[in-house]
Amino acid sequence: MRSLAANADSRLSLWRRVREFAVPPSMIECATARRQTGDWAGACAAARVDVDVSLRAVADRHGRELAAQLRVDLRHLAPDLLRWHLPRVAPDGMLRPGLTVSLARYGSADRDGGGTVHLVASTPPAWADAGQRISLGVWDRSRSGAGASPHPDQRFRLDLHRHLWDARRATELRSRSGADRGPASAGLAGLPETLRAALRQRGCAIDRWSAEAAIVLNAEGRAGGSVAVRVGGRRRLLLDVPAGGDGSAPLTARLTRAIPGGGTVLPDAATWVLPDLALLRGGLIEADQLHPLVASALVPEYPVAARPAAPDRAEQPRLVECRGARHRIGLVDGVLAALDHDPAEVRREELLAALTGTPLPCLRAIDEAHRQPECLPDVRARLDHGDTAGALATVEALLGPDALLRDGTLRDELETAALRRINHGLFRAGLLGAVAHPGGRERRRSGARRQHPRHTKSR
């Protein structure tokens, strides 16, 4: 059984990789520019968010006042910031599939959301998640989107954490995450110190639980009560919040095996230490590697600006040991070529290789770059997270924009990514929404390719 420290290290490693690939700088730059000009739909398109919201339909169904509130929220939605903070799953840090997250509630406040209208963000099921696209919609009790959960998930709600998607509230991230080391919870009574230390080591934000639990209860119109906390696996804690508390009084906490039916749940965003804060404190990431709104909140001296795009690096010729000398391979006329061999020699060697002979080391290096290059893990990660443009730019920088891919792992990865996008298109069109995975939520090993359930053998 892995220790809590090992679990914490794995969690940080996952988030470090997510921060590298999931929300590329080019997306942040484009989405920010469009949002700042008032083009919220264009910002969503730049952040690969499909908009399923009709303000006219909302006004007809729920009134112009509610539609006006929704319009204001959409204008200040930072879809790239939303993508940055949405829940993810191990081992690859993909968006949690088949999830409906409430971003804002309009109408009466109650425990189960009855009588309210929600602005929601939804993720497709795992078999249709090519491109890691998100859909933005409006949910009420009478309607739900195709493939979405029938009710916004209470555990992953973000309507009480607007600083994770609303550009107007982004500065609140510092205080809500505990980065300013302001007044913390007075403690958790009823739990041994060893367990409290273990929860902190695991990444639980227990110093914020008292204040966050009070926020959840207040949103339900309750002065006090019990709030359940899911801390992984089958571990549950039940926090008893005193009536009239402001989040500074000690909480009584007790272990429980199950969350009471209809009970209040502490949102996941309040349960765990903010990944970016943990990465900064661990020295695993720099401020300029964060989303600019996150960086300006957690590191006040950091300027609020679009995250700078990675500079274009001219690909230097690679050196290859060839026949007792160091030769170069590099881009010539848009393709990767051997620079220290004349064309006639290259043609002879290619003919020799076609006749099952052993080609020159320079040609072997070029062939390997086409079939299974060193950058393959980065290309795969970009494709998995939906950054097709970034993946193709990496390939073109290596092989040249005019290269014809040869059979091999690299070509398979690109073809698989293209085919999986067809499944997503069919899902969005509602043509595959009724297909259920025979084994429940799909598990995925690192590097394995996900398939549509109809291609999976039953066990």
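**Exercise 1.** Decide whether helix 4 passes helix 5 in a left-handed or a right-handed crossing, then describe how the pair meets.

*Solution.* Step 1: helix 4 passes helix 5 in a right-handed crossing (the near helix is turned clockwise from the far one by less than a right angle; anticlockwise would be left-handed). The model is predicted, so local features need pLDDT of at least 70 and side-chain atom pairs pLDDT 80 or more, while totals for chains, interfaces and linings use all residues. Residues are numbered from 1 along each chain as its sequence is written, and side-chain values use heavy atoms, without hydrogens and water.

Step 2: find the two helices. Helix 4 covers residues 55-62 and helix 5 covers residues 64-76 (helices are DSSP runs of H or I with at least four residues, strands are E runs of at least two, and both are numbered from the N terminus). Their axes come within 7 Å and cross at roughly 145° (axes are lines fitted to C-alpha atoms, for helices over the stretch in contact, with angles from 0 to 180 degrees between N-to-C directions).

Step 3: list the partners. L55, V58, A59 and H62 of helix 4 make the contact with R64, L66, A67, L70, R71 and L74 of helix 5 (contact means heavy atoms within 4.5 Å). By class, this contact has 7 nonpolar, 1 polar and 2 charged residues (Ala, Val, Leu, Ile, Met, Phe, Trp, Tyr, Cys and Pro are nonpolar; Asp, Glu, Lys and Arg are charged; the others, Gly among them, are polar).

**Exercise 2.** Follow L74 into the largest nonpolar core and say which residues L74 touches.

*Solution.* Step 1: the largest nonpolar core has 59 residues (a core is a set of buried Ala, Val, Leu, Ile, Met, Phe, Trp, Tyr and Cys residues joined through side-chain atoms within 4.5 Å). Those with the most contacts inside this core are L70, L74, L82, L103, L119, L136 and L158. Helix 12 (residues 292-298) gives the most to the core, with 5 residues.

Step 2: leaving out residues up to four places away in sequence, L74 touches W40, V53, L55, L119 and L136.

Step 3: apart from the largest core lies another, of 23 residues, with V320, I329, A338 and L414 among them. In soluble globular proteins, nonpolar side chains tend to be buried together.

**Exercise 3.** How do helix 16 and helix 17 each pack against helix 15?

*Solution.* Step 1: take helix 16 (residues 388-399). The axes of helix 15 (residues 376-384) and helix 16 come within 7 Å and cross at roughly 160°. That makes the two helices roughly antiparallel (over 145 degrees; under 35 is roughly parallel, 65 to 115 roughly perpendicular and the rest oblique). This crossing is left-handed.

Step 2: V379, R382 and L383 of helix 15 make the contact with T388, G390, A391, T394 and V395 of helix 16. The classes here are 4 nonpolar, 3 polar and 1 charged.

Step 3: turn to helix 17 (residues 409-428). Helix 15 packs with helix 17 at about 0°, with their axes 10 Å apart, and that makes them roughly parallel. L376, V379, R380 and L383 in helix 15 meet T409, L410, E413, L414 and A417 in helix 17. This contact has 6 nonpolar, 1 polar and 2 charged residues.

**Exercise 4.** Are Q132 and D333 buried or exposed?

*Solution.* Step 1: Q132 is found in the loop between strand 5 (116-122) and strand 6 (134-139). Its phi is near 50°, a positive value in a residue other than glycine. Q132 is buried, with a relative accessible area of 2% (buried means under 20%, exposed over 50% and partly exposed in between, with a 1.4 Å probe and protein chains only).

Step 2: D333 sits in the loop between strand 13 (325-332) and strand 14 (335-338). Phi of D333 is near 55°, a positive value in a residue other than glycine. D333 is exposed, with a relative accessible area of 71%.

**Exercise 5.** Trace the contact between S175 and R208.

*Solution.* Step 1: S175 is found in helix 7 (residues 173-177) and counts as partly exposed, at 35% relative accessibility.

Step 2: R208 lies in the loop between helix 8 (193-202) and helix 9 (209-219) and is buried, at 16%.

Step 3: these residues are 33 apart along the chain, and their C-alpha atoms are separated by 9.8 Å. Not counting residues up to four places away in sequence, S175 touches D180 and R208, while R208 touches S175, R176 and G178.
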